[in-house]
Structures are given as structure tokens and as C-alpha cells.
Amino acid sequence: MSDNRQGPIPSVNATNMAHQLQAIQQRLDHLGTFQMPVLDTGLYPAANVAGSEREYTNYQLVWVRDNIHIAHQMLVIGNDAAAVQTVEALCRFFAKYRHRLQPSSGNQLEIDRPHVRFDGKTLSELDSDSSSGAGWNHKQNDALGYYVWLFAKLVASGKLRPTSEQLEILALLIHFFSRVQYWQDEDSGHWEEWPKIEASSIAVVVAALQAVQELFEFPRVQATLHKEGIDRGFLELLVQPGVAALDEILPNECIQGGGKQRDVDAALLFLIYPLGIVKGDMADEILSRVTSQLQGEIGIARYKHDSFWSPEYKQQFDEEDRTDAVSDNDKRRHLEVRRGTEAQWCIFDSIISCIYAQRFQASEDPQDLELQLRYLNRSLQQLTPLDSPFGAHKCPEAYYIEDLDTGVWVPNDSTPLLWSQANLRLALHFAEITAKRLA
């Protein structure tokens with residue numbers, strides 16, 4: 001790893017930690033590392049690429065999943081209003097296309113599912129995604145689960161007083177999970193690829209349903225859900241098959257045959273944090289698998305043989321093909337990617353730092369502190385170098401090998417990625433908590 005890519009940011013250690021973090025935060029604030037373009041609707045594009053030559057990525061669009069992770073980060077750092085605004089905007093989008101949540105829509109084809117990528121400025125589905133049998137793969141139960149999970153957390157904490165329409169959309173989503181039988185539904189999950197039964201998708205829905213169970217403490221919410229045919233017993237029966245599926249699948253991501261099996265996937269980290277649905281020995285096993293099998297010098301691969309932004313990606317694919325929907329051809333191409341050359345992503349090390357930060361708060365074990373700081377430092381070292389064409393100290397989506405002959409790793413075109421920004425900000429927030437504890 002070159003000193004140029006690290007830039008002037010020094011490693012954080014446990015000695016005088018608060019002072020170090022203050023200096024780093026001032027540096028990052030000066031360079032706009034955490035500046036996030038927010039749309040008038042209160043939603044966030046996936047990356048700050050609008051008006052640039054990198055618009056071909058389509059990352060100026062809004063993804064439900066990314067917005068929930070960003071909004072959750074806002075909630076954690078104390079910007080409650082921004083978190084609520086994002087969730088309410090997503091609800092307006094779901095309400096606008098509520099027919100996709102209702103039984104009459106069938107929900108069999110990917111295009112018939114509630115859309116999880118759309119125009120955030122107008123809260124409108126994309127024309128290219130609306131023709132039957134074509135367009136983006138919207139069969140992503142995890143994205144919908146994330147929305148329900150954060151909506152319920154905001155209501156339970158008193159930060160969001162839901163309207164009748166918002167509760168009706170909540171009820172429609174719960175019935176949707178039941179109707180598609182989420183615990184055995186093949187969806188495209190976090191990475192929006194070929195459908196399979198994935199632990200990371202099932203777990204998000206289970207976490208969401210468990211969060212909704214807490215809302216029965218609120219009479220008005222309880223009354224509305226009862227009116228929509230949802231009570232505690234209904235939710236408990238809906239949670240049970242999801243928990244049973246996770247007991248069977250974890251710590252794997254997928255145990256299906258036919259080329260779908262996957263023993264390790266970095267998306268499983270989100271089950272530990274922020275969802276908190278996986279703990280103890282199972283969390284340890286997932287962490288061990290990810291760090292031993294997917295961790296690289298710079299970042300962490302999503303899974304083995306991932307071909308998205310694989311070596312010489314921009315030479316191999318035209319702009320319209322680089323971020324297109326995944327097909328069976330892509331599935332075959334994955335097998336050709338040599339282990340260790342997969343893109344190394346910048347959204348995972350910061351989450352691992354958060355996980356160990358929470359453990360240190362509970363245990364005061366020096367090893368947990370050491371691991372919290374190790375992964376925080378890895379996250380900081382992922383920032384773009386001072387001479388980067390994207391600007392100094394920006395948060396990439398991932399690093400990829402630009403040229404196999406030289407072996408040089410460079411940030412991909414989705415820089416800065418707002419999800420990476422949000423996760424790094426969380427890691428620094430937890431580091432500040434740790435610093436106060438050590439003072």
C-alpha cells in the first residue's frame with residue numbers, strides 16, 4: 001500500500017486518541033470528505049457523480065438500501081431530522097406505487113416487485129425499469145426490510161410520529177413479506193445479482209419484523225395494524241420461519257446447489273451491525289470467515305470470484321455494460337476471476353470497526369480495542385490520495401486493478417460513494433466514544 005494513497009492521515013492509536021481524532025475530523029471536514037448531496041425530497045444519490053463524466057454509472061439515482069444506511073448513520077450521530085426526512089420520502093415513493101405491494105400485482109417477475117432504484121428527484125420509477133420483463137432486478141427483500149427496520153426504530157424512539165398512510169404502507173410491506181414467503185424466496189439481495197435464497201436478505205426481514213413487534217406498545221400504531229390484520233401473533237408466526245431458515249443457513253450466505261451456494265459473503269457483516277440480529281459465536285464465525293477469506297491489502301471483497309470491477313474492468317466493458325443488470329453471463333464470468341483480484345470494497349472495514357467498538361464498550365478487552373482501531377485505520381487509508389482525479393480524501397466504492405501488468409489498484413468510478421461516507425463516519429463516531437472512555 002503506497003504512502004501516496006494513504007495521504008497525510010496518520011494512524012489512530014490508543015494514546016491521546018481524542019486529540020488524534022479531532023485533528024483527523026478537522027482535516028476531513030476541510031476537504032469535504034463527508035459532504036453528501038441531498039435532494040430536495042430528502043433522499044441521497046448513491047454517489048456524487050451528477051454532472052460528471054461518471055453519470056454513466058447511474059449512481060446519481062437513488063437506492064432504497066443505500067438511503068437507509070445513510071439515514072441510520074444520521075440517526076446515530078444525532079441528526080434525527082435528516083433520518084426522518086429520508087424515511088418519510090421513501091414512504092411517499094412506496095405509497096405512490098402501492099400497487100406493487102398489493103396481491104393483485106402478482107410480484108412474480110423482478111420488474112413487478114416494489115422498485116428499489118428510482119429517480120429520487122421526482123420519486124418516480126425509471127422508464128427503463130417499467131416495461132414488462134426488462135430493466136433492473138428489483139427482487140430485493142433486504143432493501144424493503146431495511147426500510148421497515150429503520151421506520152420501526154424511528155417510531156419506537158419517538159422520533160417519528162407516523163401518519164395513517166405511513167402505517168398503511170408498513171402493513172402492506174408486512175403482508176408482502178408474508179405473501180412472497182421471504183424465508184424461502186429467491187431474491188437478488190444486497191448485490192443485486194442472480195436470485196437465490198440468501199441469509200443476508202432473510203435476516204434483514206427478520207430484524208425488521210422484530211422491530212415492528214415493539215410498536216405494539218403504541219396504542220395508535222397497534223390499532224392501525226390490527227385494522228390491517230396484523231397482531232402480535234401474526235408477526236410471531238411470520239418471524240418463526242425466518243429464524244428457522246437462518247438457523248439452517250448461517251454462517252453461510254446460501255446453501256442451495258446449482259452453483260448458487262456461497263459460504264462467505266461480506267453482506268453478513270450487516271447482520272452484526274447495524275442490525276444486531278447475529279451475536280456471540282455466530283458473529284465470531286462470520287467475522288472470521290470474512291477477514292480470513294475476503295480481506296485484502298486495501299479493502300474487503302464482497303465474495304469470492306466477484307467480477308464487478310474485476311481487473312481491467314474499464315478496458316473489458318463499455319460504459320453501458322459496466323453497471324448494467326446482472327445476467328447469467330455475468331454469473332459464468334465470476335468463475336473466471338482469480339482469487340485475490342476481486343474489487344476490494346470500502347464499506348466493510350468501517351463496519352468491522354463499529355462491531356469491535358461496541359464489543360470494547362461492553363468488555364473493555366484490549367484486543368477488542370486493538371481491532372477497532374485496526375479497522376478504523378484501514379478505513380481511513382482507503383481515502384483517495386491527494387492527487388486523485390476524484391479529489392483528495394474522498395470515499396470510494398471500491399478499489400480495482402486498473403492494469404494487470406502493473407498490478408496498480410485505483411478507486412473505481414463510483415467515487416465518492418455515500419454509503420462509504422456514512423460507514424466511515426460511523427466508525428469515527430464510535431472511535432470518539434472509545435476515546436472518551438479511555439480519557
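This passage walks through two helices, some backbone features and the aromatic rings of a predicted model.

A good place to start is helix H2, which runs over residues 17-31. Its 15 residues reach 21 Å from the first C-alpha to the last, close to the 21 Å expected at 1.5 Å a residue. The buried residues of H2 are Met17, Gln20, Leu21, Ile24 and Leu28. They cover an arc of only 95° around the axis, which puts them on the same side of H2. A general property of helices helps in reading this pattern: an α-helix has 3.6 residues a turn, so residues three or four places apart point the same way. On the other side of H2, Gln26 and His30 are exposed. The cover over the buried residues of H2 includes helix H16 (366-381) and helix H17 (418-438). Just after H2 comes Gly32, whose phi is positive at about 70°.

Helix H17, part of that cover, can be described in the same manner. With 21 residues, H17 reaches 30 Å between its first and last C-alpha, close to the 30 Å expected at 1.5 Å a residue. Of these 21 residues, 15 are buried, so H17 is largely enclosed by the rest of the structure.

The backbone offers some further details for a newcomer to look up. Two cis peptide bonds can be found ahead of prolines. One runs from Leu250 to Pro251, with omega near 10°; Pro251 lies in the loop that joins helix H9 (232-249) to helix H10 (269-272). Another runs from Tyr273 to Pro274, with omega near 15°, and Pro274 belongs to the loop between H10 and helix H11 (280-293).

Positive phi angles also occur at residues that are not glycines. Leu123 has a phi of about 55° and sits in the loop between strand E2 (117-118) and helix H5 (141-156). Leu123 has a relative accessible area of 10%, which means that this residue is buried, the cut-off being under 20%. Gln181 has a positive phi of about 50°, and its place is the loop between helix H6 (164-179) and helix H7 (199-213). With a relative accessible area of 35%, Gln181 is partly exposed.

The aromatic side chains complete the picture. A pair of aromatic rings is described by the distance of the centres and the angle of the planes. The count comes to 20 aromatic pairs in this model. Phe177 and Tyr182 form one example: their ring centres are 6.5 Å apart and their planes stand at 70°, so the pair is edge-to-face. Both partners are buried, Phe177 with a relative accessible area of 0% and Tyr182 with 1%. Elsewhere, ring pairs link Trp191, Phe270, Phe308, Trp309, Tyr313, Trp345, Phe348, Tyr400 and Trp419 into a cluster.

Aromatic rings also meet charged groups. The charged end of Arg117 is placed over the ring of Trp136, at 3.9 Å from the ring centre. Arg262, in turn, lies over the face of Tyr303, 3.6 Å from the centre of that ring.

Terms used
Residues numbered from 1 in each chain as written. Predicted model: local features only at pLDDT ≥ 70, side-chain atom pairs only at ≥ 80, totals over all residues. Heavy atoms only, no water. Helix = DSSP H or I, 4+ residues; strand = E, 2+ residues; numbered from the N terminus. Buried < 20%, exposed > 50% of the residue type's maximum accessible area, 1.4 Å probe, protein only. Expected span 1.5 Å × (residues − 1). Arc of directions from axis to C-beta. Contact = heavy atoms within 4.5 Å. Phe/Tyr/Trp six-rings, centres within 6.5 Å; stacked < 30°, edge-to-face > 60°. Lys NZ or Arg CZ within 6 Å of the ring centre and 35° of its normal.
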